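Student: Hi! I have a structure open and I'd like to talk through how its parts touch. Can we look at it together?

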Amino acid sequence: MSTTRWCLGLLGTALAFYGGWLLLTRGHDLGNALVWLAAGVVLHDGVLALVTVAVGLAASRLLPGPARAPVAAGLVVLGSVTLLAIPVLGRFGARADNPTLLDRDYVAGYLGLVALTAAVVGLATLVGSRRRRR
Amino acid sequence: MKLPAESDFTSRLRSAAVTARVGLWLGMCFLICFVTGLISHYAQNADHPLPFPASPVWGYRVTQGLHVSTGSAAVPLLLVKLWTVYPRLFRRPERRLRPLLLDALERGSILVLVAAAVFQLATGLANAAQWYPWTFSFRSAHYAVSWLAVGALLVHVAVKLPVIRDVLGVDVEATDHDRPSATEPGALTRRGLLRATWVGSIGAVVVTAGSTVPLLRRVSVLGVRSGSGPGGVPINKSAAAARVVAAATHPDYRLVLVNGRRTKAITRADLLTLPQHVEELPIACVEGWSASGRWGGVRVRDLLDLVGVPAGTDVLVTSLQGTGPYRTTVLHGNFADDPRTLLALSLDGEPLSLDHGFPARVVAPDRPGVLQTKWVSRIEVRT
């Protein structure tokens with residue numbers, strides 16, 4: 001291994017140990033933080049990744065050829081934006097005494113994004129299938 | 001149900017050539033998040049061995065806006081990157097001891113990296129929406145795990161550097177580093193997948209960043225703030241939530257200035273007779289939203305002069321709030337002396353609203369919003 005890699009690796013190890021030490025000594029509720037750290041891995045590797053595989057399989061069986069690429073691209077975009085939207089869609093942090101917080105109609109906004117993505121996917125499918133016919 | 005094997009994943013999209021390209025941007029996002037996060041953490045510390053600069057006024061607004069925006073941009077990048085390497089989770093364990101140990105070490109570092117990365121994005125996003133479904137302290141845990149994430153990221157780059165160099169040096173469709181089973185064409189080309197990822201990433205920023213970028217306000221349909229509020233500035237904590245309504249509106253309210261034995265108590269009416277100044281300063285919150293306001297009030301420096309506080313002195317600002325981590329904050333000497341630092345009495349020409357900190361609040365340039373103490377009752381020399 002080259003010197004660069006050794007240096008990077010050692011520096012990284014040192015920083016990670018510093019982070020671990022901070023977590024152990026200043027995290028306040030270490031147990032809860034560890035649960036959250038583990039939950040992220042379990043939810044991704046055990047749930048989200050499987051859902052993605054299932055959606056991919058279903059799409060490849062059900063969709064006609066020209067729609068596959070646009071739909072796949074649309075799902076990449078919309079899927080990640082959906083995860084990003086969970087905190088605001090659920091309005092979990094909303095407070096009756098503060099109307100300036102979470103003050104948009106997030107469901108309408110999200111549905112708008114879904115419609116926009118669907119329109120672009122539909123258009124791309126149409127253009128793609130016309131090109132193929134030529 | 002049996003566990004899948006690495007060879008069960010056949011899509012040629014799950015390739016190191018794609019991983020490295022997405023990973024490069026993801027790494028940059030994490031680095032920006034880390035550096036801007038350190039800046040924010042330092043700005044909130046009570047002790048500043050190196051003074052935090054009071055200029056430019058928009059400094060913290062930009063760094064914290066970047067922090068939250070690059071975090072949002074990282075979500076699609078992380079998901080796609082993990083998707084491309086998912087089969088590696090199911091690789092067969094090595095038979096011989098040395099490779100087995102090295103493999104276990106690498107898996108361990110990846111475990112830390114994935115756990116830390118998901119943790120940072122999930123807690124950061126929830127925090128931006130003021131959602132706290134946990135019992136640990138967000139600030140200290142998010143800070144500690146940022147070191148874990150960056151450390152594990154550097155280790156990961158060190159391990160993968162030869163592969164990264166190889167695949168970034170050739171075309172994205174090259175197959176040199178692909179798993180033997182990854183040969184079937186996917187729904188997209190590799191370029192198509194990369195483009196969709198970039199669109200997702202930029203889209204994630206556009207639909208959220210309006211909370212801090214006024215130009216994007218109309219299109220940021222998922223932004224945590226629309227930017228409206230009394231005087232054009234949103235509110236983080238209301239007077240009702242802070243339980244200060246009675247104390248803040250009480251006729252006996254006095255601002256107390258303390259320098260050792262010298263003290264002075266001033267009514268709000270008297271504050272209004274002191275020289276007034278107007279400053280355009282942003283409230284820039286750690287949650288990533290920000291808005292600029294035209295604040296009017298008395299220079300903090302003028303108030304400190306009333307009790308003979310020498311220049312360069314750190315002062316302690318106390319709020320009427322009974323509890324909360326930001327009930328008292330330190331206003332460092334360089335901020336206290338800055339002519340733009342006000343004890344604000346008005347916003348946009350109107351008397352300060354209760355939720356904005358009536359009777360008086362601190363507004364200083366280039367500072368996290370949590371330190372812009374509202375409902376100020378006392379300013380004293382820090383001992």
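**Where the parts meet**

Tutor: Sure! Keep in mind that this is a predicted model. Between chain B and chain A there are 18 residue pairs in polar contact, both residues being at pLDDT 80 or more.

Student: Cool. Which elements of chain B give two or more residues to the side that touches chain A?

Tutor: Those are α2 (59–85), α3 (97–128), α4 (138–169), α5 (190–206) and α6 (239–242) of chain B.

Student: And which one gives the most?

Tutor: That would be α4(B), with 17 residues.

Student: What classes of residue are on that side of chain B?

Tutor: The side of chain B that touches chain A has 52 nonpolar, 18 polar and 5 charged residues.

Student: How many salt bridges are there between chain B and chain A?

Tutor: The count is 0.

Student: Okay, and how much area do the two chains bury between them?

Tutor: About 5300 Å², with 74% of it on carbon and sulfur atoms. In residues, 75 of chain B are in contact with 58 of chain A.

Student: Switching topic: what domains does chain B have?

Tutor: The domain assignment gives domain 1 (6–216) and domain 2 (231–381).

Student: How far apart are they?

Tutor: Their C-alpha centres lie 39 Å apart. The two domains of chain B do touch: 27 residues of domain 1 are in contact with 25 residues of domain 2.

Student: What area is buried there?

Tutor: About 2000 Å² is buried between domain 1 and domain 2 of chain B, and carbon and sulfur atoms give 52% of that. On the domain 1 side, B:Val57, B:Tyr60 and B:Arg61 supply 29% of the area buried against domain 2, more than any other three residues.

Student: How many salt bridges and polar contacts are there between those domains?

Tutor: The rule finds 0 salt bridges across that domain interface. There are 13 residue pairs in polar contact between the two domains, again with both residues at pLDDT 80 or more.

Student: Which elements of domain 1 give two or more residues to the side touching domain 2?

Tutor: α1 (16–44), α2 and α3 of chain B. The largest share, 6 residues, comes from α2(B).

Student: Last one: what's the class mix on that side of domain 1?

Tutor: The side of domain 1 of chain B that touches domain 2 has 12 nonpolar, 12 polar and 3 charged residues.

Student: Great, thanks!

Conventions. Residues are numbered from 1 along each chain as its sequence is written. Chains are lettered from A and ligands numbered from 1 in the order in which they are written. This is a predicted model: local features need pLDDT of at least 70, side-chain atom pairs count only at pLDDT 80 or more; totals for chains, interfaces and linings use all residues. Side-chain values use heavy atoms; hydrogens and water are left out. Contact means heavy atoms within 4.5 Å. Buried area is the accessible area (1.4 Å probe) that two parts lose on being put together, summed over both. A salt bridge is a side-chain nitrogen of Lys or Arg within 4 Å of a carboxyl oxygen of Asp or Glu. A polar contact is a pair of N or O atoms within 3.5 Å; within protein, one must be able to donate a hydrogen and the other to accept it, and residues adjacent in sequence count only if both atoms are side-chain atoms. Helices (H or I, at least four residues) and strands (E, at least two) are DSSP runs, numbered from the N terminus. Ala, Val, Leu, Ile, Met, Phe, Trp, Tyr, Cys and Pro count as nonpolar, Asp, Glu, Lys and Arg as charged, and the others, Gly among them, as polar. Domain bounds come from an automatic or database domain assignment.
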